[in-house]
Amino acid sequence: NHSLALVAASARRAALVASGPFSAVDWAAARASVADLVAEEGAVAAPPLLSLAISRALCYANRLRRDKDQPSLPARVLVVNASDRAADLGAQGTALTSAAFAAKSAGLPLG
């Protein structure tokens, strides 16, 4: 009965590409959504917007907790960087730090 939210990020945007009960996720559709995301013009021209993706994941977890009226619903955020080159995330430093503090205050581990 575990659920997931899969958020993908490119250099231009972050998008929720799959969500719901783990056993019901359409992985082929999620893969196609990620492919569409990275195929957009300028999507790989710069480092991915990881800070935006983490923020979207935190918002999703918070909304799920609120909608289910379970503020202690266990959740976690796993960050997987699949960029084809080393990313310089220095420009996102402040946003990443803010996201980390927001996750900590919400009781959502980042990994």
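**Helix starts, a central helix and the core**

At the front of helix 1, a side-chain oxygen of D26 comes to within 3.3 Å of the backbone nitrogen of A28. This contact, like everything else described here, is read from a predicted model. Helix 1 itself covers residues 27-39. Its 13 residues should span 18 Å at 1.5 Å a residue, and the end C-alpha atoms are indeed 18 Å apart, so expectation and model agree. A32 is one of the residues in helix 1. With a relative accessibility of 38%, A32 counts as partly exposed. From A32 to L58 the C-alpha to C-alpha distance is 23 Å, with their positions 26 residues apart in sequence.

Stepping back to the whole chain, the secondary structure adds up to three helices and two strands. Read from the N terminus, the order is β-β-α-α-α. For 111 residues, a compact globule would have a radius of gyration near 13 Å; the protein chain comes out at 14 Å, so the two agree. Laid along the principal axes, the C-alpha atoms fill a box of roughly 40 × 35 × 20 Å. Of the 111 residues, 26% count as buried. The chain exposes about 7,400 Å², and carbon and sulfur atoms supply 56% of that area. As for contacts with a separation of 6 or more, 65% come from residues 24 or more positions apart.

The loop between strand 1 and strand 2 holds S10. Is S10 buried or exposed? S10 has a relative accessible area of 2%, which means that S10 is buried, the cut-off being under 20%. The side chain of S10 reaches the backbone nitrogen of R12 at 3.1 Å. Leaving out residues up to four places away in sequence, S10 touches L37, A43, P47, P48 and L49. Of these contacts, L37 falls within the residue range of helix 1.

On strand 2, L16 makes a useful landmark. L16 counts as partly exposed, at 44% relative accessibility. Beyond residues up to four places away, L16 touches A5, L6, V7 and Y60. A5, L6 and V7 fall within strand 1 (3-9), while Y60 is among the buried residues of helix 2. L16 also sits 8.2 Å from A57, C-alpha to C-alpha, although the two are 41 residues apart in sequence.

Helix 2 takes in residues 50-67, 18 residues in all. From first C-alpha to last, helix 2 reaches 25 Å, close to the 26 Å expected at 1.5 Å a residue. Its buried residues are L50, S51, A53, I54, A57, L58, Y60, A61 and R65. What lies over them? The cover includes strand 1 (3-9), strand 2 (14-21) and helix 3 (93-106).

Several of those buried positions turn up again in the largest nonpolar core, which has eight residues: I54, A57, L58, A61, V77, A99, A103 and L108. Helix 2 and helix 3 are the elements that give two or more residues to this core. Helix 2 gives the most, with four residues.

L58 shows what this looks like from a single position in helix 2. With a relative accessible area of 12%, L58 falls under the 20% cut-off and therefore counts as buried. Setting aside neighbours within four places in sequence, L58 is in contact with V77, A99, A102, A103 and L108. Four of these contacts, V77, A99, A103 and L108, are listed in the core as well. L58 and L4 are 54 residues apart in sequence and 12 Å apart in space, C-alpha to C-alpha. A61, another core residue, touches A75 and L108 once residues up to four places away are left out. L108 is thus a contact of both L58 and A61.

Just past the helix, the picture changes. Helix 2 is followed by D69, which is placed in the loop between helix 2 and helix 3. D69 has a positive phi of about 55° although it is not a glycine. Its relative accessible area is 67%, over the 50% cut-off, so D69 is exposed.

Technical notes:
Residues are numbered from 1 along each chain as its sequence is written. This is a predicted model: local features need pLDDT of at least 70, side-chain atom pairs count only at pLDDT 80 or more; totals for chains, interfaces and linings use all residues. Side-chain values use heavy atoms; hydrogens and water are left out. The expected span of a helix is 1.5 Å times one less than its number of residues. Buried means under 20% relative accessible area, exposed over 50%, partly exposed in between (1.4 Å probe, protein chains only). Contact means heavy atoms within 4.5 Å. A nonpolar core is a set of buried Ala, Val, Leu, Ile, Met, Phe, Trp, Tyr and Cys residues joined through side-chain atoms within 4.5 Å. The radius of gyration is taken over C-alpha atoms; the globule rule is 2.2 Å times the number of residues to the power 0.38. Accessible areas come from the Shrake-Rupley method with a 1.4 Å probe; for residues, only the protein chains shown count as cover. A polar contact is a pair of N or O atoms within 3.5 Å; within protein, one must be able to donate a hydrogen and the other to accept it, and residues adjacent in sequence count only if both atoms are side-chain atoms.
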